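This report looks at one helix, its surroundings and a ligand site. Please keep the sequence and the 3D view at hand while reading.

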Amino acid sequence: MGKEIVMVLGSPRRNGNSDQMAEAFIRGAERAGCCVTKICTEDLNTGCCGCGGCYQNEAQPCCQHPDFNGVARALLRADGVVFAAPLYWSGIPGKMKCFIDNMFCFYAAGKNLARKRTAMLCVGHAEDYMMFDGVQRTFELIAKTVDWSVAGQVYVQGVLDAGDVQKTDGLKRCEELGHRFFG
Ligand SMILES: Cc1cc2nc3c(=O)[nH]c(=O)nc-3n(C[C@H](O)[C@H](O)[C@H](O)COP(=O)(O)O)c2cc1C
């Protein structure tokens, strides 16, 4: 049985740049024998209001956001969790942040989320890599908080229109990272 990865896509644009990066990573990971479940945060109503009503029973990790309950088990079971996102206002998109906020229910209920592999794939219009600092720092601190080891990060600059990531080496880098994710 191959290792399980959850891919969390944070762009509302289907087949957009970060979606293509996610798919390239998945190709590499599947070549290495991994099994990948892709979650699109755009499809989910998630978040955390700090109500404290976490895990009233095993089927209900979050009493406010039923959408999260459908993916919680996959997250807990996964050997790796990977994020693919466009750069939005120098950070990760709000819906992806809401999804990550929802993971607080694991923490609150003492669920074991530790010791997974993780990676960040991010694309933006900015030419200056410094503009990705906010995403990189946030990602690395989240990984540290939950004790996940970072397998790699791919940041692709200078990409605005959907599909233009194909004009860069970004997809190749994502596929390579997917292939060596657990290596
Ligand atoms: C709401 C919004 C905010 C954005 N903010 C930034 C930004 O702060 N810096 C940047 O370089 N690009 C920014 N962009 C451009 C996107 O990062 C860029 O178009 C990216 O390629 C979109 O990826 P996608 O096709 O996966 O959605 C923004 C785009 C949108 C729609």
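Two residues are said to be in contact if their C-beta atoms, placed from the backbone, lie within 7 Å. Leaving aside neighbours within four places in sequence, Gly124 is in contact with Pro86, Leu87, Met131, Phe132, Gln157 and Val159.

This is a predicted model, in which local features need pLDDT of at least 70 and side-chain atom pairs count only at pLDDT 80 or more, while totals for chains, interfaces and linings use all residues. Residues are numbered from 1 along each chain as its sequence is written.

Helices (H or I, at least four residues) and strands (E, at least two) are DSSP runs, numbered from the N terminus. Gly124 is found in the loop between β6 and α5 (133-146). A residue is called buried if 20 or more other C-beta atoms lie within 10 Å of its own, exposed if 12 or fewer, and partly exposed in between. Gly124 is buried because 23 other C-beta atoms lie within 10 Å.

Gly124 also belongs to the ligand site, where a residue is near the molecule if its C-beta atom, placed from the backbone, lies within 6 Å of it. Of the 19 residues around the ligand, those that come nearest are Gly16, Ser18, Pro86, Gly124 and Ala126. The largest share of this shell, three residues, comes from α1.

Helix α1 covers residues 17-31, and its expected span is 1.5 Å times one less than its number of residues, so its 15 residues should span 21 Å, which agrees with the 21 Å between its end C-alpha atoms. The helix is mostly covered, since twelve of its 15 residues are buried; among them are Asn17, Met21, Phe25 and Ala29. What covers these buried residues includes the strands β1 (4-9) and β2 (35-40), as well as the helix α6 (170-179).

Axes are lines fitted to C-alpha atoms, for helices over the stretch in contact, and angles run from 0 to 180 degrees between N-to-C directions. On this basis, α1 and α6 pack at an angle of about 35°, with their axes 6 Å apart. The table sorts the residues of this contact and of the ligand shell by class, where Ala, Val, Leu, Ile, Met, Phe, Trp, Tyr, Cys and Pro count as nonpolar, Asp, Glu, Lys and Arg as charged, and the others, Gly among them, as polar.

| Group | Nonpolar | Polar | Charged |
|---|---|---|---|
| Contact of α1 with α6 | eight residues | five residues | four residues |
| Shell around the ligand | ten residues | seven residues | two residues |
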